[in-house]
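Thanks for coming. I have one structure to go through today, and I will keep to what can be read from the coordinates.

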Amino acid sequence: MIDRALIGQQLAEFVFAVEEFQLRLFAKAIGECRPEYIDAAAAKAAGFRSILAPPTFCYAITLNPANPLDVPAFLGVDVKDTLHGEQAFSYQRPICAGDRVRVKRMVTDIYSRKAGALEFAVVESELSDAGSGVIYASTTTTLAIRHPECAP
Amino acid sequence: MKSLAKIPMEKLVAAGHALPELELPPLDRFTLALYAAGSGDHTPFHLDIDRAKEAGLGDVIGHGMLTMAYLGRYLTEIVDQSAIKSWHVRFKAVSRPGDRIRCHGTFVRTFEEGGEQLCQLDVVATRGTGPDDVLAAGEAVIKIG
């Protein structure tokens, strides 16, 4: 069982540098070929600071570049027992290439279902500008953790 | 691949029925590798069949967030990205290589909150028509005007 004392605790904070290279690769992976998502000049002509990050790139920003699997490690669970259960986004302003995003993450809930055979851990993240502190977006990730040994 | 056309807000809120669909090419391992690199999600079960088998998965599975990224692309093809206020999905099944993912949307309602005119769209990603073929389902809140 995941330690409930983790509720309310913050994970390692970091600053994520949003780079053109990664946004182009992300766009390629999802078959996104509209110019504002791959071309800086086109994005600027469309009124953005630079290449626009697609809506779900905010989740990629919440992955710690120094250790993308630090959430399961923080919870003390094996990544092979975890599944992405739910994901939510709330947006304040667009994120573009060149932005430096401060990521603050906190475990906000942990709960059990099916007599403990399934646990859920909720991590909320706040994405803000590393310089000005202005909020870009917030995300909520719900991980499902299987404990087959606890199956009723 | 050709993008869907943007739907003007007045038409969107008048729709009251299913919105256009976005059909993706069959999911392949190449795409999973690109997505792992582009998203920074290096979980091995999306990339390495040996590690996937060790974990009892049989074969690699697709990233749930790749499915949601397709839904995000779908949303931004029919409305401006800046109009998306918030959205969430629940993942229902894991995708597999060969899955033919389709994104669907339905206009649900208009409402007002905090002085803003908003509408709710439901979004679903499927790989077929069976009961286990819904990969992700959720809803988006879109700003009107």
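I will start with chain A as a whole, then move to the contact between the chains, the cores, and a few single residues.

One point before anything else: this is a predicted model.

Chain A first. Its secondary structure amounts to four helices and five strands. In sequence order the pattern reads β-α-α-α-α-β-β-β-β, with the helices following one another after the opening strand. Along the principal axes, the C-alpha atoms occupy a box of roughly 60 × 35 × 25 Å. Chain A has 152 residues, and 36% of them count as buried. If you take the contacts in chain A with a separation of 6 or more, 70% are between residues 24 or more positions apart.

Now the contact between the two chains. How many residues does each chain put in? Chain B gives 35 residues and chain A gives 30. On the chain B side, α2, α4 and β2, the last of these covering 84-91, each supply at least two residues. The largest share on that side is from α4(B), with ten residues. Sorted by class, the chain B side has 17 nonpolar, 14 polar and four charged residues.

Within that topic, one helix pair deserves a slide of its own. Two packed helices are described by the angle between their axes and the distance between the axes. Here the pair is helix α1 of chain A, residues 20-29, and helix α2 of chain B, residues 29-39. Their axes lie 8 Å apart, at an angle of about 150°. That is over 145 degrees, so α1(A) and α2(B) are roughly antiparallel to each other. Their crossing is left-handed. From α1(A), the residues involved are Q22(A), L25(A), F26(A), K28(A) and A29(A). They meet T31(B), L34(B), Y35(B), A37(B), G38(B) and S39(B) in α2(B). Between them, these residues divide into six nonpolar, four polar and one charged.

Staying with α2(B): which of its residues are buried? They are T31(B), L32(B), Y35(B), A36(B), G38(B) and S39(B). The buried residues of this helix pack against α1 and α3 of chain A, and also against α4 of chain B. Just past the end of α2(B) sits G40(B), with a positive phi of about 80°.

Next, the nonpolar cores. The largest one has 68 residues, and those with the most contacts inside it are C96(A), Y70(B) and L71(B). Its largest share is nine residues from helix α4 of chain B, residues 64-78. There is also a second, separate core of nine residues, including L11(A), V71(A), L75(A) and V107(A). Going back to C96(A), its contacts, leaving out residues up to four places away in sequence, are V18(A), A43(A), F48(A), R49(A), S50(A), I51(A), L52(A) and A53(A).

Now some single residues, beginning with T56(A). This residue is in the loop between α2 (40-45) and α3 (57-61) of chain A. Is it buried or exposed? T56(A) has 25 other C-beta atoms within 10 Å, so it is buried; the cut-off for that is 20 or more. Leaving out residues up to four places away in sequence, T56(A) touches M65(B), M68(B), A69(B) and G72(B). Within its own chain, T56(A) and F89(A) are 33 residues apart in sequence, and their C-alpha atoms are separated by 7.8 Å.

Two residues to look at for backbone geometry come next. Most residues other than glycine have a negative phi. K114(A) is not a glycine, yet its phi is positive, about 50°. A115(A), also not a glycine, has a positive phi near 55°. K114(A) lies in the loop between β3 (100-113) and β4 (118-129) of chain A, and A115(A) is found in the loop between β3 and β4 too. K114(A) has 12 C-beta neighbours inside 10 Å and therefore counts as exposed. For A115(A) the figure is 10 other C-beta atoms within 10 Å, so it is exposed.

Last, E149(A), in the segment after β5 (135-146) of chain A. With 7 C-beta neighbours inside 10 Å, E149(A) counts as exposed. E149(A) and S128(A) are 21 residues apart along the chain, and 40 Å separates their C-alpha atoms.

That is the end of my slides.

Terms used
Residues numbered from 1 in each chain as written. Chains lettered and ligands numbered in written order. Predicted model: local features only at pLDDT ≥ 70, side-chain atom pairs only at ≥ 80, totals over all residues. Contact = placed C-beta atoms within 7 Å. Axes fitted to C-alpha atoms, helices over the stretch in contact; angles between N-to-C directions. Parallel < 35°, antiparallel > 145°, perpendicular 65-115°, else oblique. Left-handed = near helix turned anticlockwise from the far one by under 90°. Nonpolar A, V, L, I, M, F, W, Y, C, P; charged D, E, K, R; others polar. Core = buried A, V, L, I, M, F, W, Y, C linked by C-beta atoms within 7 Å.
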